[in-house]
Amino acid sequence: VTLFFDGHVSAASTADAMDADQRASNDSGHGLWSRDTPLGANGYYGSIAYDWVVDTSYHVLTIDGILGRDFLGAR
C-alpha cells in the first residue's frame with residue numbers, strides 16, 4: 001500500500017510499475033524512469049538485484065521527478 005504525493009492511498013506493486021514502464025516504452029520509446037544516470041541502465045541497485053527479474057527504478061529515478069509518473073491507469 002502506497003501513500004502518494006497527491007494524498008491518495010492505493011495498492012501498488014513493483015509489477016504494476018514494471019508494466020507501466022514497459023507500456024510507456026512501447027508507446028513513446030522511453031520508459032517512466034531514467035536509464036541515463038550514473039547508475040546506468042539497470043538503475044538503482046539493479047546490478048545486484050536478487051532475482052534478476054525485477055527491472056525497475058520507479059520512484060527513485062522517475063523522469064520529471066515528483067511531477068513524473070510511476071504508474072499508468074488500467075489498460
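Biologist: What share of the 75 residues in the protein do buried residues make up?

Modeller: Buried residues make up 23% of the 75 residues, and the figure comes from a predicted model. The secondary structure of this protein consists of 1 helix and 2 strands, and along the sequence these elements follow the pattern β-β-α.

Biologist: What makes the protein as compact as a globular protein of that length?

Modeller: Its radius of gyration is 12 Å, and the globule rule gives 11 Å for 75 residues; the two values are close, so the protein is as compact as a globular protein of that length. The C-alpha trace spans about 30 × 25 × 25 Å along its principal axes. Among the contacts with a separation of 6 or more, 52% are between residues 24 or more positions apart.

Biologist: How many aromatic pairs does the count come to, and why is the pair of Tyr 58 and Phe 71 called edge-to-face?

Modeller: The count comes to 1 aromatic pair. The ring centres of Tyr 58 and Phe 71 are 5.5 Å apart, within the 6.5 Å allowed for a pair, and their planes stand at 65°, which is over the 60 degrees required, so the pair is edge-to-face. Both residues belong to the segment after helix H1 (14-28), and the pair links parts of the chain that are 13 residues apart.

Biologist: Why is Phe 71 called buried, and why does Tyr 58 count as partly exposed?

Modeller: Phe 71 has a relative accessibility of 17%, which is under the 20% limit, so Phe 71 counts as buried. Tyr 58 has 25%, which lies between the limits of 20% and 50%, so Tyr 58 counts as partly exposed.

Biologist: What makes Thr 62 a buried residue, and what joins the side chains of Thr 62 and Asp 70?

Modeller: Thr 62, in the segment after H1, has a relative accessible area of 11%, under the 20% limit, and is therefore buried. A polar contact of 2.4 Å joins the side chain of Thr 62 to that of Asp 70, a value within the 3.5 Å limit. Leaving aside neighbours within four places in sequence, the residues in contact with Thr 62 include Leu 32, Trp 33, Ser 57 and Gly 68.

Biologist: How many salt bridges does a search of the whole structure find, and why is the meeting of Asp 19 and Arg 23 called a salt bridge?

Modeller: The search finds 2 salt bridges. Between the side chains of Asp 19 and Arg 23 the N to O distance is 3.5 Å, within the 4 Å limit, so the pair is a salt bridge. Both residues lie in helix H1, 4 residues apart, about one turn of the helix, and Asp 19 counts as partly exposed because its relative accessibility is 26%, between the limits of 20% and 50%.

Biologist: How do you know that Arg 35 forms a salt bridge with Asp 21?

Modeller: Their closest N and O atoms are 2.5 Å apart, which again is within 4 Å. Arg 35 lies in the segment after H1 and Asp 21 in helix H1, so this salt bridge ties together parts that are 14 residues apart in sequence. Asp 21 counts as buried because its 7% relative accessibility is under 20%, whereas Arg 35, with a relative accessible area of 31%, is partly exposed.

Biologist: Where does the charged end of Arg 35 sit?

Modeller: The charged end of Arg 35 sits over the ring of Trp 33, 3.8 Å from the ring centre, a distance within the 6 Å limit.

Key
Residues numbered from 1 in each chain as written. Predicted model: local features only at pLDDT ≥ 70, side-chain atom pairs only at ≥ 80, totals over all residues. Heavy atoms only, no water. Phe/Tyr/Trp six-rings, centres within 6.5 Å; stacked < 30°, edge-to-face > 60°. Buried < 20%, exposed > 50% of the residue type's maximum accessible area, 1.4 Å probe, protein only. Lys NZ or Arg CZ within 6 Å of the ring centre and 35° of its normal. Polar contact = N/O pair within 3.5 Å; in protein donor to acceptor, adjacent residues only side chain to side chain. Contact = heavy atoms within 4.5 Å. Rg over C-alpha atoms; globule rule 2.2 N^0.38 Å.
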